[in-house]
Every structure is written in C-alpha cells, then in structure tokens.
Amino acid sequence: IGPSVNFQSLYIDNKFLKNDPIKQDFFYVLPSLNIQWNGFGFNYSARAQEPQVNDLQPVVDNTNPLYIQLGNPSLVPAIMQQLSLNFFKHDQKHSITYNAYMMGSISDNTVIRERTVDAQGVQTTRPVNVNGIWQFNGSGGVRKQIKLINSWNMALAANFFGNYSKSVILINRVRSAANNWTLNPSGTLSFNYKDLFEINETYRLTWTKSVYDNAEFPGLEFMRHNSNTDLVVRLPKHWVWETSVDYFYNPQVAPGIRKSNFRWNAGVNFLFLKNDQAQLKFHVFDLLNQNVQVQRTVRENYIQDFQTSVLQRYFMLTFTYNIRNLNAGKVGGRQSMFMF
C-alpha cells in the first residue's frame, strides 16, 4: 500500500485570550503521513489538543478546601508531533511470528498543573502551558509453535515493552524535569494435546523508575511481579473443566498493604443441544477468598498506596446460546497460544 498524506490547520484568534500578555494570533499546519509496505508501517502525525473546559474557566473551585483549583483562560492548545514504526511477519513454514513497534512524541504547550503548598498543607493548583514534554516507547515479541511427538504441541513466546517519558513539575515555584522509565518483559510457555488438554504459563516483570533533575524531589524505583497459569481439560465429551491461578507480588508498598496476592478461579462447562450451541457454566471466583486490589499513585509531591476490598469468593451460573456452532472454536481458558 502506498503512502497517504493529509493536512489539517488550526487557527486561534487572540481576542479570546484576554489575559495573554503576548498579543498575537496562532496558526498551525498539522500534517500527517502514513506508509504501509511489506509488513512495515510508518506513521507521522501532528495534532492539537485543546485545554479542558474546567481548566479554562476563570473561577475558583474550592469544593475541597485542602485542594483548591484555579482556572486559566490564557491556555492555548498543545501541539504534539508523533512518529511511529511497526513491523509484523508470520512465517507459516516455520510457525513463527515476529512483531515490533516504536513510537516517539514531542509536545509543546502541554497543559500541566502548577502547585503551591502552604504551611498548613493546603494545595492550590493552576493549569499552565509548558514545552519539552517527551515520550518514547517500544515493544517487540516473537512466538514459536513446535509440534512434538504423539500429537503434543508446544508454544513459546517472549515479549518486551519499554517506555521513557519526560515531563515538567512546578511546585512552590520550583521547577524540575521528571524522567520516568518503565521496562516490562514477559514470557509464556504453553502445551496442548489435541485440544483435550491445554496449559499456559505466563510470567511478567515490571520495573519502574522516576528521577528528577532537582534534588528537592526524591526519586523512586520499584518492581512488580505477576504470573498467570491456565489449565483446561476437555474430557469427557461435552464437558470442559478449567482453572486459573494469578499471582501478584509488589515488594515496595506502604506498611500495612499486602505485598502478594493469589487469585484462584475454577469452573466447569457443559455443552449440549445441536452442535453444542448451548453452554451451561458453573464458575467459582477467588477460591482462596483473599482477592484485594492494590494500586500505587505517584504525583508531583506525594506517593499514595491504595488497598481496596473487592468482591471476593462468589459463585456464578450462566447459560449461553450461540447462533454459531461452538465446535468452530475452543471453549474454556482465557487465551490460546496455538494457531493449529
């Protein structure tokens, strides 16, 4: 497929920016280019992102007396330029698939919130435009399927994701660049026997690091672990047994927050009627009755950990009738690494 090119324009009349000390109008040309050829893809685009309405309103939002929000009617749209490359190839002869993706963007006039914190801890925020916001990320993966003896099949997959971003923070008139890195490798191993028995094991590692140019802001580094195990047995005829175990581990949370968590689900499916188009499923969620949701929020001047109680052990009975023949696909399991 050949290239395609598009252009957009954006005009801003300065009469709406009554508080802007620079009396000039703004005119932007926003081009885009897209090329697809032989499994490769290239895309360039420029776009404008208008400020939020709440950020433009020249009023004070003091509904939370500890977090006062101001508006700024002088904000202008942010202009982002983005470049991406991607590649995909499936080698049917050797049952192997490759994919890769890279993206980079630079933004000017990005809207961030400038913060002021007084001696009593009251925060006052105001949206402002800043330049020099960067983001770069890339991902890649390879998947290989192997036919073993006696109708056993094996699949291997390795994936990787990395991200770097640079932003700006403003607190009590102190400015600093914030540099954030994230690396996320993962691997999957699967075995399958005639679709009667299937097991999938996935492990993911997430590493995150934040560094600030100004020494007044401490850096942060932490690592999370996650594994997923799926087991499906399709025996005897019309019966599908499935179970899954998820494990989460985050060693760097606040005291009192659980570092690890097991979530074990299991279910049985019964297929009936013509062509197995009806499905009756009995599912048990969180057999260990210990499921919790843990989340960490990192902002300019604080780190906050949440541990939320969620719906724990419960049972569900469902009936599904599919107008298509269920034999065309496999019942049970969350994912499948196999294409044969």
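Me: Why does Phe319 count as exposed?
Reply: The relative accessible area of Phe319 is 52%, and the word exposed is used for values over 50%, buried for those under 20% and partly exposed for those in between (1.4 Å probe, protein chains only). Since 52% is over 50%, Phe319 counts as exposed. The model is predicted, so local features need pLDDT of at least 70 and side-chain atom pairs pLDDT 80 or more, while totals for chains, interfaces and linings use all residues. Residues are numbered from 1 along each chain as its sequence is written, and side-chain values use heavy atoms, without hydrogens and water.

Me: What makes Phe319 part of a strand, and of which one?
Reply: Phe319 is found in β20. Strands are DSSP runs of E with at least two residues, helices are runs of H or I with at least four, and both are numbered from the N terminus. By these rules the chain has one helix and 20 strands.

Me: What makes up the nonpolar patch on the surface?
Reply: Leu273, Leu280, Phe282, Phe315, Leu317, Phe319, Tyr321 and Ile323 form this patch, with about 920 Å² of accessible area together. Two elements, β17 (278-285) and β20 (314-321), give two or more residues to it. Strand β20 gives the most, with four residues. A patch takes residues with over 30% relative accessible area and no salt bridge, joining nonpolar side chains (Val, Leu, Ile, Met, Phe, Trp, Tyr) within 5 Å and like charges within 9 Å. Phe319, at 52%, is over that 30%.

Me: Why is Thr110 called buried?
Reply: Its relative accessible area is 17%, which is under the limit for buried, so the word applies. Thr110 is found in strand β8 (residues 110-117). Leaving aside neighbours within four places in sequence, Thr110 is in contact (heavy atoms within 4.5 Å) with Ala78, Val128, Asn129, Val130 and Ile133. Across the chain, 34% of the 340 residues count as buried.

Me: How many aromatic pairs does a search of the whole structure find?
Reply: The search finds 13. One of them is formed by Tyr164 and Trp181, with 5.3 Å from centre to centre and 40° between the planes, and is called tilted. This pair links distant parts of the chain, Tyr164 in strand β11 (residues 152-171) and Trp181 in strand β12 (residues 174-193), 17 residues apart. Rings of Phe, Tyr and Trp (its six-membered ring) pair if their centres lie within 6.5 Å; planes under 30 degrees apart are stacked, over 60 edge-to-face, the rest tilted. An angle of 40° falls in neither outer class, so the pair is tilted.

Me: Why is Trp181 counted as partly exposed?
Reply: Its relative accessibility is 33%, which lies between the limits for buried and exposed, so partly exposed is the term.

Me: What makes the pair of Phe285 and Tyr314 stacked?
Reply: The angle between the planes is 10°, and the centres are 4.6 Å apart. Because 10° is under 30 degrees, the pair is stacked. Phe285 lies in strand β17 and Tyr314 in strand β20, so this pair ties together parts that are 29 residues apart in sequence.

Me: How do you know that Asp55 forms a salt bridge with Arg113?
Reply: The closest N and O atoms are 2.8 Å apart. A salt bridge needs a side-chain nitrogen of Lys or Arg within 4 Å of a carboxyl oxygen of Asp or Glu, so this pair qualifies. Asp55 is in helix α1 (residues 53-56) and Arg113 in strand β8, 58 residues apart. Asp55 is buried at 13%, and Arg113 is buried at 17%. The whole structure has four salt bridges.

Me: Where do the two residues of the salt bridge between Asp246 and Arg263 lie?
Reply: Their side chains meet at 3.1 Å, N to O. Asp246 lies in strand β15 and Arg263 in strand β16 (residues 260-272), so parts 17 residues apart in sequence are tied together. Asp246 is buried, at 2%, whereas Arg263 is partly exposed, at 26%.

Me: Why does Lys166 count as lying over the face of Trp134?
Reply: Lys166 is 4.9 Å from the ring centre. The rule asks for NZ of Lys or CZ of Arg within 6 Å of the ring centre and within 35 degrees of the ring normal. Because 4.9 Å is within 6 Å, the distance part is met.

Technical notes:
Areas by Shrake-Rupley, 256 points an atom, 1.4 Å probe, with all protein chains shown as cover.
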